[in-house]
Amino acid sequence: MTEAEQEQDRYRAPALDKGLDILELLAGVDGGLTQAEIAKRLDRSPNEFYRMLDRLVRRGYVARLDGDRFALTLKLFGLAQMHVPTRRLASFAMPLMRELGETSRQANHLVVYDRGNPVVIAQQEAPGYWGISIRIGSRVGLFDTGSGHVLLAFRSKDARAMMVSEHVGSGGDGDRMTPAFEARLNQVVARGYEMMPSAQTAGVINVTAPIVIADGTAIAALTVPYITLINTPGAPDITNTIQLLLNTAKRLSDLAGAGISSEA
């Protein structure tokens, strides 16, 4: 062993290395692996991984699937989302969100997925007296909001399943992922946005568009909680508001692909 190797070996943390080996292995497979399969791929004894897998499951980094299979959750993704890339996303978004607010005469907000729920990371008030606002940091529904629908729709089938699993684990309702609901998500993808009455506020139509990176994955959702404005000259109708929203989402997606996703 060379002197450099001896120096590196001096600071080894076997338990940490073992946990990182598991995470890196599971990140590269679909459908999960059994404890025996993990041990075989890492050339270790299955007994060496029992406690480590138990801790990773309890801390939410790994999920136990049907039977004895283990798969990576989206917790690491969520942590990354709430770190620098998310702050940069919000900073890139605010000028465009202000412009959208001015042109649409409506409020709008930006949402990302974080460990079981969509979370509001930026909010733009309507420029007039009337508008719907939501506090930054609010955790909203995965199944009953336009933001939740869009974040689910523009993800792979495996990612959807993991998001639902995390949502259930955080106290959410998981029995709504029905064939009919999956068909609706596919319609959202085909249409390019979601439009649905608010489940929280009467008279509000939530219109939501995805912020996507190069592979089509939604890293965020931009929502206009549309209300019909009376005696407001020049206020766009909902059809024109949808187009303004889609234009803004496209511009923000272009920015995200150029300056955010590479660091996420």
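Which residues lie nearest the centre of the largest pocket? Keep that in mind while reading the points below, and remember that this is a predicted model.

1. **The pocket and its centre.** Ala 71, Leu 72, Asp 158, Ala 159 and Met 162 are the residues nearest the centre of the largest pocket, out of 22 that line it. The volume of this pocket comes to about 540 Å³.

2. **Who builds the lining.** Four elements each give at least two residues to the lining of the largest pocket: the helices α2 (14-27) and α8 (157-169), and the strands β2 (62-64) and β3 (69-72). Helix α8 has the largest share, with six residues. If you want to look at the pocket from one element, α8 is a handy place to begin.

3. **What the lining is made of.** Sorted by residue type, the lining of the largest pocket has 13 nonpolar residues, with five polar and four charged ones making up the rest.

4. **The loop between two of those strands.** β2 and β3 both contribute to the pocket lining, and the loop between them holds Asp 68. Is Asp 68 buried, partly exposed or exposed? Its relative accessible area is 37%, so Asp 68 counts as partly exposed.

5. **What Asp 68 meets.** Setting aside residues up to four places away in sequence, Asp 68 touches Leu 33, Thr 34 and Gln 35. Gly 32 belongs to that part of the story too: its C-alpha atom is 9.4 Å from that of Asp 68, although the two residues are 36 apart along the chain.

6. **The view from Thr 34.** Thr 34 sits in strand β1, which covers residues 33-34. Its relative accessibility is 18%, and the limit for buried is under 20%, so Thr 34 counts as buried. Beyond its neighbours within four places in sequence, Thr 34 has contacts with Asp 68, Arg 69 and Phe 70.

7. **Helix α9, checked by length.** Moving along the chain, α9 takes in residues 179-191. With 13 residues at 1.5 Å a residue, α9 should span 18 Å, and its end C-alpha atoms are indeed 18 Å apart, so the two agree.

8. **The two sides of α9.** Which residues of α9 are buried? They are Phe 181, Leu 185 and Val 188. These three cover an arc of only 50° around the axis, so they fall on the same side of α9. The other side has the exposed residues Pro 179, Ala 180, Gln 187 and Ala 190.

9. **Just past the helix.** Right after α9 comes Gly 192, with a positive phi of about 95°.

Key
Residues are numbered from 1 along each chain as its sequence is written. This is a predicted model: local features need pLDDT of at least 70, side-chain atom pairs count only at pLDDT 80 or more; totals for chains, interfaces and linings use all residues. Side-chain values use heavy atoms; hydrogens and water are left out. The expected span of a helix is 1.5 Å times one less than its number of residues. Buried means under 20% relative accessible area, exposed over 50%, partly exposed in between (1.4 Å probe, protein chains only). The arc is that of the directions from the helix axis to the C-beta atoms. On a 1 Å grid over the protein atoms alone, a cavity is a set of points where a 1.4 Å probe fits but cannot get out, and a pocket is an open set with protein on both sides within 12 Å along at least five of seven lines; lining residues have an atom within 4 Å of a point. Grid points are joined across faces, edges and corners, and a volume is the space filled by probe spheres set on the points. Ala, Val, Leu, Ile, Met, Phe, Trp, Tyr, Cys and Pro count as nonpolar, Asp, Glu, Lys and Arg as charged, and the others, Gly among them, as polar. Contact means heavy atoms within 4.5 Å.
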